[in-house]
Amino acid sequence: MSHDLKLTGCFALRAADGREVQIGSRRARIILAYTATSRDFECSRTRLGALLWPDKKLEQVGASLRKELCGLRVALGPLRPPIVAIDRDRVRLLRENLRIDVFDAAAPDWSRFMDGLDLADVEPVEDWLRERRAEPAPAAPPRPPARAASPLSLDRAPTAAAADAMRVAFEPSAVAANDAVAASVGAALVDRMMRRLAELGPFEVYAWPTAAEDAGDPPDVRVNCSVLHASGDVHVGLCAVEFASGRLIWTSGRRATVASFARSALTVVHLSDELIDRLQRHAPTLFGRRQTAAALALRGIDQLLRVPYANLAAAQASLEAAAAADGRGEYWAWLGYVGAFRHESGAEGGGDRAPFDEYAARARERAGDSPLVAALIAHVHAFVRRDFAAARDLLEPFDEFGADNLLLQDARALLCLYTGSVPEAARRAQAVARIGARNPYRYLFATTEALTALTAGRYADAARFGGRALAQINAAGPQAVFAPALRTVIAACGHLGDAEGARLAVSRMLAYDPDFVADGVERLARVPIPNPATFEATSLGMRKAIALAAQG
């Protein structure tokens with residue numbers, strides 16, 4: 001059963017039985033709405049306090065927030081299943097128990113987001129409401145181009161990829177700073193963010209001003225940075241503005257000591273991922289071809305990673321169209337992964353193994369020394385071909401990228417798992433999931449955590465991490481599912497003897513894979529997880545869960 005949270009028009013919360021749940025406090029409603037539209041449907045107490053009481057002293061903020069959260073607990077306490085978890089550090093919505101209209105409706109009207117619920121005297125709240133109400137209407141997903149005679153060509157002449165790239169200009173030479181320390185922190189931060197955006201794309205990133213401005217080729221988005229140094233702390237504020245209209249796209253900030261800014265990669269990762277997420281959501285209002293290629297690639301990745309075997313041919317078609325439209329190295333690397341997996345699994349008539357080496361060569365040729373491409377190719381060597389030495393050799397030169405490339409670190413965690421180094425795999429997976437809390441691939445990181453926990457016999461943790469992965473990918477739409485995470489949840493429920501959890505998880509899988517009960521374990525054995533202990537824990541747990549579900 002799911003409850004309903006309505007955020008467009010007048011705020012409303014209805015229990016699964018249809019009765020309306022009264023939330024009298026405006027700030028409590030804002031806490032629910034803000035958390036519902038935050039990454040992973042969770043928000044720290046610190047962030048909520050800064051949003052709602054920006055001018056109060058720290059101890060006053062804590063007392064006020066505790067009062068509001070206490071009221072929320074009282075109002076929401078009778079709901080079964082529950083929709084919120086509140087601990088000493090954060091507030092988290094249990095998305096699996098809640099339908100949210102702005103995500104689950106076909107075409108939500110963001111312009112009416114939280115109508116009538118304003119706090120005119122609280123500037124951060126007003127800024128947040130203005131930003132949400134300016135969300136573009138969701139674009140219809142692009143239709144894949146018709147396949148031409150060549151499997152990697154479009155039915156129209158290609159144009160220069162750079163012409164349609166999102167041009168993002170930073171201002172490293174014009175960081176607004178009040179002294180030399182602030183200027184140094186700002187310049188270093190902007191430089192690292194530029195490198196991270198250029199790596200994760202699809203963006204054309206450069207410093208502002210450049211000759212491109214004089215040539216009449218202005219950026220699409222301009223990013224400004226301001227830094228204030230006072231009393232040993234630095235206060236960093238960033239904003240992204242649409243160049244042509246001056247419309248604010250994104251704003252964010254951080255406060256920390258000079259030393260913590262200098263040594264922590266977390267600040268760069270979080271700020272970069274926030275900006276990337278905002279630019280990707282804003283892109284449909286600006287661009288065509290390159291964003292269409294990105295959308296096709298994401299569709300292909302989604303088709304590959306959902307229920308196994310059912311969509312591999314469609315995934316390959318989407319990625320071929322993306323690679324033909326843009327030709328980015330990571331598209332070719334994903335295409336090689338799909339082809340290799342189809343061949344090894346024998347699914348859908350298999351596929352030719354030979355093109356993987358060709359696709360990998362194209363990926364390296366176009367992306368150079370890209371750690372993202374290295375991570376994808378390493379996954380093929382490790383998971384599909386079981387060539388652990390080749391995967392290790394491929395990842396080794398990129399160790400210097402560290403936390404700035406999370407997919408590479410996730411590949412390292414999985415390689416440790418496949419080769420039996422489960423404690424090291426768990427340590428790496430935990431670090432990646434923590435740092436990548438805002439990353440678009442965060443559901444992959446949570447799934448790696450779940451697999452390591454399942455292998456180690458920590459079944460409750462495996463169910464929790466797998467559930468988190470499903471909630472994260474489910475934010476993309478009510479029909480989303482990620483088969484590896486769902487299989488792990490099913491197996492964990494089987495080992496725990498959780499009949500209700502097994503019934504729900506198996507029913508969800510059957511909605512996407514009607515043959516799961518009949519031959520799901522046998523199909524898993526076609527391309528087994530390289531670590532025998534992980535495969536045994538998964539297959540045995542799945543059998544137990546299927547039996548438990550049948551009893552219900």
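**Salt bridges, strands and helices, in conversation**

Biologist: Which residues are linked in a network of salt bridges?

Modeller: A salt bridge here puts a side-chain nitrogen of Lys or Arg within 4 Å of a carboxyl oxygen of Asp or Glu. This is a predicted model, where local features need pLDDT of at least 70 and side-chain atom pairs count only at pLDDT 80 or more, while totals for chains, interfaces and linings use all residues. Numbering runs from 1 along each chain as its sequence is written, and side-chain values use heavy atoms, with hydrogens and water left out. On those terms, the network ties together E424, R427 and R428.

Biologist: How many salt bridges does the structure hold?

Modeller: Side chains of opposite charge can pair when their charged atoms come close. Among the pairs, R112 bridges to D115, with their closest N and O atoms 3.0 Å apart. Across the structure, the count of salt bridges is 14.

Biologist: R90 and E42 form a salt bridge, but how many residues apart are they?

Modeller: The closest N and O atoms of R90 and E42 lie 3.2 Å apart. Helices (H or I, at least four residues) and strands (E, at least two) are DSSP runs numbered from the N terminus. R90 belongs to strand β5 (residues 90-93) and E42 to strand β3 (residues 42-44), and the pair links distant parts of the chain with a separation of 48 residues.

Biologist: Is R90 buried, exposed or partly exposed?

Modeller: The cut-offs are under 20% relative accessible area for buried and over 50% for exposed, with partly exposed in between (1.4 Å probe, protein chains only). E42 has 23% relative accessibility, so it counts as partly exposed. R90 has a relative accessible area of 32%, which means that its class is partly exposed.

Biologist: How far apart are the closest N and O atoms of R458 and D461?

Modeller: Both ends of this salt bridge are partly exposed: R458 has a relative accessible area of 33%, and D461 has 22%. Between R458 and D461, the closest N and O atoms are separated by 2.8 Å.

Biologist: Where is M114, and what is its phi?

Modeller: M114 falls in the loop between α4 (101-104) and α5 (123-133). Its relative accessibility is 0%, so M114 counts as buried. M114 is not a glycine, yet its phi is positive, at about 55°.

Biologist: Which peptide bond is cis?

Modeller: Look at the loop between α3 (58-76) and β4 (84-86), where P81 sits. The bond leading into P81 has omega near 0°, and this cis peptide bond runs from R80 to P81.

Biologist: How many residues of α20 are buried?

Modeller: Helix α20 (residues 483-496) reaches 20 Å from its first C-alpha to its last, close to the 20 Å expected at 1.5 Å a residue; that expected span is 1.5 Å times one less than the number of residues. Its buried residues include L486, R487, V489 and I490. Right after α20 comes G497, with a positive phi near 70°. The helix is mostly covered, its buried count being 12 of 14.

Biologist: How many bridges join β11 to strand β12?

Modeller: Strands pair if DSSP finds at least two bridges between them. On one pairing, β11 (residues 233-242) runs antiparallel to β10 (residues 221-230) over 10 bridges, and the two form a hairpin with two residues between them. β12 (residues 248-257) is antiparallel to β11 too, and the number of bridges joining them is nine.

Biologist: Which are the edge strands of the open sheet with the order β2-β1-β6?

Modeller: The sheet has three strands with mixed pairing. Its edge strands each pair on one side only, and they are β2 (12-14) and β6 (98-100).

Biologist: At what angle do the axes of α14 and α16 cross?

Modeller: Axes are lines fitted to C-alpha atoms, for helices over the stretch in contact, with angles from 0 to 180 degrees between N-to-C directions. Helix α14 (residues 371-384) and helix α16 (residues 406-418) have axes that come within 8 Å, and the crossing angle is roughly 20°.

Biologist: And is α14 roughly parallel, roughly antiparallel, roughly perpendicular or oblique to α16?

Modeller: Angles under 35 degrees count as roughly parallel, over 145 as roughly antiparallel, 65 to 115 as roughly perpendicular and the rest as oblique. By that scheme, α14 and α16 are roughly parallel.
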